[in-house]
Amino acid sequence: MPSLRPETSRLLNRSRLTGLAIFTLVVLAMLFADAKPAQALPTGKAFAIPAFARKYGLPCSACHTAWPELNNFGQVFRDNGYQLMNDRDSPIWQNPSYFPISFRITPSWHREAADHQVIDAPDGCFGTSLANPCLSVAGKVTQSGFDLSGMDLWSAGTLYKNISFVLLPSSDPTAVWHFESAFIRFDNLKNSPWFNVKFGRFELDNLISEKRFLFLSNNGGIYQIYHFNTPGSSNNFGYGDNQIGVELAGHNANSYTRYSVAVVSSNEGGVNFTTDVVPGAPPANRSYDVNLAFSQAFDAKSLGFERIGAFAYIGQRPTYFETTDGGTVPLVGLGNKSFYRVGFAGDLYIHNLELLPLFMYGHDNAYLGTATSSQGALPSGAQAPTFYGGFIESHYYLNPQNVILGRFEKINVGQQALSGNPGNFGNVTAYSVGYRWYPIMFSRAGVALDGEYSRVKSIGIVPESGDGTGNIPLFPTDGVWSSSIYFGIDFDF
Amino acid sequence: MISSKFVATFALGSIALLTFGAAPATAQSHVNSPDPLLGAPSVNTEESHIGTLTGHAEEGKHLYRRYCIGCHGPDGDGNGMNAQWIDPKPRDFTEATFKCRSTPTGTLPTDQDLYNAITRGFINTNMPSWKPLTEQQRADLVAFIKTWSPRWAKEKPGDVLVIPAEPPVTIESILHGRELFQKLECWKCHGPAGHGDGPSAATLTDSKDNPIRPYNFSTGTRFKCGATNQDIYRIFMTGVDGTPMPSFHDTLTGNDPWDLVHFLRTLQISYPSKELDLWQGYVASHGKDIKPIGPDSAAGAQ
């Protein structure tokens, strides 16, 4: 569900409208405000499951470096189909306090700001009239206040020995629900950990998971490069978004060696043959994408546990629709054009310091890059856009209950979709720092206090943000600084 | 630019978080040390030696806090926050009594024994396999576990049991093992068919008076202390300390232990083995000659 843009909310705050008018505006804003529904969804920071801790009597820290991020013990547990491979795995085994559902939500206070935004002047100008015309000027939009995150209602476990499942209904802060994850997994086929088949909607096998990471703020709460597309592109793909399809995965006994091959619909994890998990999304095409991932871990003795890996996603997206009603109602996506993302990543430890580096290269077909129907001619100067970049994230674990976070991220557009674009059009630079303290971390529930500051500079484009905050600046050469300050109490039962 | 008041707000908030976060805010967020007067090995110096690995208790202490404290507790006495929900109860390291050893009953285990236990886990308990931890981490944990009891400073581990080569599996070996099962009264706890339902089963308690169940061979595929024939041999020859399962080291001689191993395999009806195949073939042809195991059976039942 699209979120209100800052300027829309500002108008609401400053106007003394009746409830009906506000309601009407909200509905209109929801309908028209944000044309990027996939980005507007909560990113589903969901994957910490006290239900498992309750079932097995283990503390959060057994499976998580700091929840929700997994350590290798948690990775092995997950790879084994949420099984410890002992007598406690049975779906009917339970101890008296076992409750197989987990809840997660985060009340927060946060402040969001973005400069170089297109705003109306003078202040208080609302609508346009001959007597009092509004002027579009560049200005800074700031909002702050108490807030709620979306909510996750998580159940997962075993249906039978070596048949596991995940069901994760997730809501945005306004309680609009969707299925963030829902899959069944057939584990250890032929009694081998090398063959596991997952079927449904799931996160791609990312070495660095965006669903399990430790940042929560609007700006810091996403990996920019996992959702980046070059300016003007019609490609809606986000490497961090859950996809829908089937995955074959395998690992050795301790999950040091892991691989996965996924075939997913080319619809960004959409359901009901659309490109999203909420109503109103455009229809999907009829093609499939492939994701490949491989990683290898090493025991670096006193340094700790080191993992490196590589990934590749090859996909297609439509460039026009088969329509009805005179072209007003799209039916099926057609004119598929290809794109790919490749890269490598790591999860490296130097004692208590964990480093998460990632590099990605992206390439889109020129039709996708310029949002041009493949039935027509490309605009003058059109070329296949490329981008490259990555991030390095650091976690310093003072102890299992206190972790200091940092991240630097940089994305450069290598080749613009239109040769006339400024060379740095769309480039992104992001910095995030944070601190998480887990005062309660045992086998029943978890509570974490989260403080973050995140700052993102994006040139000429809408700042990529967890809630879609921001607008395109007046000029493509303008660098938009978008920042988040965030304090939240993250609890998981 | 960010206004100064928001920078101040963020800075103050961060300081508050750090201040509160640095404090031991909740129970079991801190690992205690044994009273030095008890004479337990020092966390600063205690080591473990597993092959070429040297584990360090100081590192193990951090790992213990992350992985073990929830069950084994901040004092290592098995009274972690989760212990109340766990059955069987977590090990009390302050007693230094360990079930799975290669050493004689009543003696301390070797470092390798503890390492193997951490690596293997205990299949029918809440203790999982910690193989996903690195070898060094597991060695560090072994070193730290030894700092909970003064026994580790005063005693050496017992001599490691030498297991002779396994003789061939024959029906004679199985039948002799069956006689031993009757004669040694294993059936009183484990039941005539190995279902863990012998007449004494309901009365059994461990060294802390917690109820304890004998192993049910018919449903198990692995044992608490391993899965191989050598592991079975070791289990009943060293005993399972802290439980009613004694050591038969002084009772069984020659090939007796192996014969008992071969018979015990036939009780694992859900676990394919050559012993089971051989036994089932024998039962098919000689079923009527086989006397039942139990109180009414003559010694040397067949």
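Tutor: Let's start with a term we'll need right away: two residues are in contact if their C-beta atoms, placed from the backbone, lie within 7 Å. This is a predicted model, where local features need pLDDT of at least 70, side-chain atom pairs count only at pLDDT 80 or more, and totals for chains, interfaces and linings use all residues. Residues are numbered from 1 along each chain as its sequence is written, while chains are lettered from A and ligands numbered from 1 in the order in which they are written.

Student: OK, which residues of helix 9 of chain B meet helix 10 of chain B?

Tutor: From helix 9 of chain B you get B:Asn229, B:Ile232, B:Tyr233, B:Phe236 and B:Met237, and they meet B:Pro257, B:Trp258, B:Leu260, B:Val261 and B:Leu264 in helix 10 of chain B. Sorted by type, the contact residues come out as nine nonpolar, one polar and no charged. The polar one is B:Asn229, because Asn is neither among Ala, Val, Leu, Ile, Met, Phe, Trp, Tyr, Cys and Pro, which count as nonpolar, nor among Asp, Glu, Lys and Arg, which count as charged; the others, Gly among them, are polar.

Student: What makes helix 9 of chain B mostly covered?

Tutor: Seven of its 10 residues, in the run 229-238, are buried, a label that takes 20 or more other C-beta atoms within 10 Å of a residue's own (exposed is 12 or fewer, partly exposed in between). The buried set is B:Ile232, B:Tyr233, B:Arg234, B:Ile235, B:Phe236, B:Met237 and B:Thr238, and these residues pack against helix 10 (256-267) of chain B. Just after helix 9 of chain B, B:Gly239 takes a positive phi of about 80 degrees.

Student: What is the packing angle of helix 9 and helix 10 of chain B?

Tutor: About 115 degrees, with the axes 9 Å apart. Axes here are lines fitted to C-alpha atoms, for helices over the stretch in contact, and angles run from 0 to 180 degrees between N-to-C directions.

Student: Why is helix 5 of chain B called largely enclosed?

Tutor: Because 10 of the 11 residues in helix 5 of chain B (135-145) are buried. Among them are B:Arg138 and B:Asp140, alongside B:Leu141, B:Val142 and B:Phe144. The cover includes strand 1 (47-50), strand 2 (53-56), helix 2 (57-67) and helix 4 (111-120) of chain B.

Student: How many helices and strands does chain B have?

Tutor: Chain B has 11 helices and two strands, where helices (H or I, at least four residues) and strands (E, at least two) are DSSP runs numbered from the N terminus. Buried residues make up 43% of the 302 residues in chain B.

Student: Why is B:Asp77 partly exposed?

Tutor: Its count is 18 C-beta neighbours inside 10 Å, so B:Asp77 falls in between the two cut-offs. B:Asp77 sits in the loop between helix 3 and helix 4 of chain B. Setting aside neighbours within four places in sequence, B:Asp77 touches B:Asp92 and B:Thr94. B:Pro88 is found in the loop between helix 3 (69-72) and helix 4 of chain B, and a cis peptide bond joins B:Asp87 and B:Pro88, omega being about 0 degrees.

Student: Over in chain A, why is A:Glu268 called buried?

Tutor: A:Glu268 has 25 other C-beta atoms within 10 Å, so it clears the buried cut-off. A:Asn188 has 19, so A:Asn188 is partly exposed. Phi is near 60 degrees for A:Glu268 and near 55 degrees for A:Asn188. Those values catch the eye because most residues other than glycine have a negative phi.

Student: How do you know that strand 4 and strand 5 of chain A pair?

Tutor: Pairing needs at least two bridges found by DSSP, and strand 4 (107-121) and strand 5 (135-148) of chain A have 13, so they qualify. They run antiparallel, and A:Ala121 has A:Leu135 as its bridge partner. Strand 4 of chain A is also joined to strand 22 (479-492) of chain A by seven antiparallel bridges, with A:Ala114 partnered by A:Ser482.

Student: Where in chain A does pLDDT stay under 50?

Tutor: Over residues 1-46 of chain A; pLDDT is the predictor's confidence in each residue, from 0 to 100. Chain A averages 84, and 85% of the residues score at least 70.
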